Amino acid sequence: MDGKKIILIGIIIGTLIMTGCSNIKDESNKNKDISINDISSTINKIKTIEDICIVTEDNDPNGKLNKSGGYIGALYFVDITLPKVETIIDDDSYEERPPKDTCEAGTIAGGSIELYSNSKDANNRDDYLSAFDSTSQASGHKQYNNIIIRTSDEFTAAQQKELTEAIINQIEKIK
């Protein structure tokens, strides 16, 4: 191939890249325009989910909201199919589910959804959660583009999968 053809091919490729003309879909930012409020509204349509608590900087149990690499939105929810479980508050008192504060209860009451600005940060979080998969602190978790869906370890594996799929189906309806 002579030099003129190489230059011409380079110009064409460069133009395509610069103008964004490409048939390749970038799924990593598929959910970038979705807000945590959008997610809350849509998962509220799942019959077993109730009492959704959207995380703020004041009630964030992980302290990661809006920090570098952290989530840009998060919520916790109660799932009514979980049996009531006593949670030890201190040596003499117990609390039954559903808890008074869903954000404070965390994923054990049903689950959580964490929204990241990009799929790389979500993947890093999913990798971190995977380190707990064989421990007593394990919850179900799945990365869906730039979202992490977590489900209570009180569910069976089949229940975790079913709830995660229901959540993804609802998120996909957000336009």
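The following legends describe close-up views of a predicted model.

**Figure 1. Overview of the chain and its secondary structure.**
The predicted chain contains five helices and seven strands. In sequence order, these elements follow the pattern α-α-β-β-β-β-α-β-α-β-β-α. Of the 175 residues in the chain, 37% are buried. Among contacts with a separation of 6 or more, 63% join residues that lie 24 or more positions apart. The chain exposes about 11,000 Å², and carbon and sulfur atoms supply 51% of this area.

**Figure 2. Helix 5 and its buried side.**
Helix 5 comprises residues 157-171, 15 residues in total. The distance from its first C-alpha to its last is 21 Å, close to the 21 Å expected at 1.5 Å a residue. The buried residues of this helix are Gln 160, Leu 163, Thr 164, Ile 167, Ile 168, Gln 170 and Ile 171. These residues lie on the same side of helix 5, because they cover an arc of only 160 degrees around the axis. The face turned away from the buried side carries the exposed residues Ala 158, Lys 161 and Glu 162. The buried residues of helix 5 pack against helix 2 (36-43) and against five strands of the chain, namely strand 1 (49-54), strand 2 (73-79), strand 5 (110-115), strand 6 (140-144) and strand 7 (147-151).

**Figure 3. The largest nonpolar core, with a second core apart from it.**
The largest nonpolar core has 20 residues. The members that touch the most other members are Ile 39, Ile 43, Phe 77, Ile 113, Ile 147, Ile 167 and Ile 171. At least two residues of this core come from each of helix 2, strand 2, strand 5, strand 7 and helix 5. Helix 5 gives the most, with four residues. With residues up to four places away in sequence not counted, Ile 43 touches Ile 49, Ile 52, Leu 75, Phe 77, Ile 113 and Ile 167. A second, separate core has 11 residues, including Val 55, Cys 103, Leu 129 and Ile 148.

**Figure 4. Helix 4 and the strands beneath its buried residues' contacts.**
Helix 4 (119-130) has 12 residues, for which a span of 16 Å is expected at 1.5 Å a residue. Its end C-alpha atoms are 16 Å apart, in agreement with that value. Ser 119, Asp 121, Ala 122, Arg 125, Asp 126 and Leu 129 are buried in this helix. Their arc around the axis is only 160 degrees, which puts them on the same side of helix 4. The buried residues of helix 4 pack against strand 5, strand 6 and strand 7.

**Figure 5. The aromatic pairs.**
The count of aromatic pairs comes to two. Tyr 71 and Tyr 116 form an edge-to-face pair, 6.1 Å centre to centre, with 80 degrees between the planes. Tyr 71 lies in the loop between strand 1 and strand 2, and Tyr 116 in the loop between strand 5 and helix 4, so the pair ties together parts that are 45 residues apart in sequence. Both Tyr 71 and Tyr 116 are buried. Tyr 128 and Phe 132 also form an edge-to-face pair, 5.2 Å centre to centre, with 70 degrees between the planes. Tyr 128 is partly exposed, at 46% relative accessibility, and Phe 132 is partly exposed at 24%.

**Figure 6. Pro 61 in the loop between strand 1 and strand 2.**
Pro 61 is partly exposed, with a relative accessible area of 46%. Pro 61 touches Tyr 76 and Cys 103, not counting residues up to four places away in sequence. Pro 61 and Ala 105 are 44 residues apart in sequence, and their C-alpha atoms are 9.1 Å apart in space.

**Figure 7. Residues with a positive phi.**
Most residues other than glycine have a negative phi. Asp 51, which is not a glycine, has a positive phi of about 50 degrees. Asp 51 lies in strand 1 and is partly exposed, at 42% relative accessibility. Asn 66 also has a positive phi, near 65 degrees. Asn 66 lies in the loop between strand 1 and strand 2 and is partly exposed, with a relative accessible area of 49%.

How values were computed
Residues numbered from 1 in each chain as written. Predicted model: local features only at pLDDT ≥ 70, side-chain atom pairs only at ≥ 80, totals over all residues. Heavy atoms only, no water. Expected span 1.5 Å × (residues − 1). Buried < 20%, exposed > 50% of the residue type's maximum accessible area, 1.4 Å probe, protein only. Arc of directions from axis to C-beta. Contact = heavy atoms within 4.5 Å. Core = buried A, V, L, I, M, F, W, Y, C linked by side-chain atoms within 4.5 Å. Areas by Shrake-Rupley, 256 points an atom, 1.4 Å probe, with all protein chains shown as cover. Phe/Tyr/Trp six-rings, centres within 6.5 Å; stacked < 30°, edge-to-face > 60°.
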